[in-house]
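Grab your viewer and work through a few exercises on strands and charged pairs. Each task comes with a solution you can follow step by step.

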Amino acid sequence: EITVVFDFSYCFGIEEILTGPQLIIFPNPTGRRFRIKAQNITGDVTLEIISPVIGTIYRRELNSFTGEAEIDQGDLANGIYIVSLRSANDKVSGKL
């Protein structure tokens with residue numbers, strides 16, 4: 001006979017509270033232009049679009065970033081990219 005005890009206190013899910021920087025990218029998937037909305041990251045930031053295959057393919061300085069921006073990245077080939085937003089104190093990334 002086997003007794004299984006499951007403790008739900010170790011379960012994590014959508015109820016988790018995220019306190020660090022967060023990045024929302026929309027629309028996603030996107031065409032030529034997309035918008036970003038970052039929570040808990042402002043000021044002078046560097047935005048990068050990174051291809052997992054070849055590395056950084058787009059870089060832009062966003063001076064006095066207030067949490068939202070529209071990005072025209074040009075013509076990206078279909079695929080998966082990482083959008084990275086970095087300030088002096090924080091870094092956040094998301095999938096495009």
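**Exercise 1.** Find the bridge partner of Ile 36 in strand 5, then work out the sheet around that pair.

*Solution.* Start with the pair itself: Ile 36 has Ala 69 as its bridge partner in strand 5. Before going on, a note on the model: it is predicted, so local features need pLDDT of at least 70 and side-chain atom pairs count only at pLDDT 80 or more, while totals for chains, interfaces and linings use all residues. Residues are numbered from 1 along each chain as its sequence is written, and side-chain values use heavy atoms, with hydrogens and water left out.

Step 1: look at the strands (DSSP runs of E, at least two residues, numbered from the N terminus). Strand 2 and strand 5 are antiparallel and share five bridges; two strands count as paired if DSSP finds at least two bridges between them.

Step 2: turn to the other neighbour of strand 2. Strand 2 covers residues 33-39 and also pairs with strand 1, again antiparallel and over five bridges. Here Ile 25 sits opposite Ile 36.

Step 3: put the sheet together. You get an open, antiparallel sheet of three strands in the order 1-2-5. Strand 1 (22-26) and strand 5 (68-72) are the edges; each has a single partner strand, so one side of each has no neighbour in the sheet. On average, neighbouring strands are turned by 25 degrees against each other, direction ignored (axes are lines fitted to C-alpha atoms, for helices over the stretch in contact, and angles run from 0 to 180 degrees between N-to-C directions).

**Exercise 2.** Sort the residues of strand 5 by covered and uncovered face, then follow Glu 70 to its salt-bridge partner.

*Solution.* Step 1: Ala 69 and Ile 71 make up the covered face, and Glu 68, Glu 70 and Asp 72 the uncovered one.

Step 2: Glu 70 forms a salt bridge with Arg 33, at 3.5 Å from N to O (a side-chain nitrogen of Lys or Arg within 4 Å of a carboxyl oxygen of Asp or Glu). The partners are 37 residues apart, with Glu 70 in strand 5 and Arg 33 in strand 2.

Step 3: check accessibility. Glu 70 is partly exposed at 40% relative accessible area, and Arg 33 is partly exposed at 49%; buried means under 20%, exposed over 50%, partly exposed in between (1.4 Å probe, protein chains only).

**Exercise 3.** Which strands form the four-strand sheet, and where does Glu 48 fit in?

*Solution.* Step 1: the open sheet runs 4-3-6-7 with antiparallel pairing. Its edges are strand 4 (55-65) and strand 7 (91-95), each pairing on one side only. The twist from one strand to the next averages 20 degrees.

Step 2: strand 3 (residues 43-51) and strand 4 are joined by eight bridges, and Glu 48 stands opposite Arg 59 in strand 4.

Step 3: the side chains of Glu 48 and Arg 59 also meet in a salt bridge, 2.4 Å from N to O. Glu 48 is in strand 3 and Arg 59 in strand 4, so this pair ties together parts 11 residues apart in sequence. Glu 48 is buried at 7% relative accessibility, whereas Arg 59 is exposed at 53%.

Step 4: Glu 48 has a salt bridge with Arg 86 too, with the closest N and O atoms 3.8 Å apart. Arg 86 lies in strand 6 (residues 82-86), so that pair connects parts 38 residues apart in sequence.
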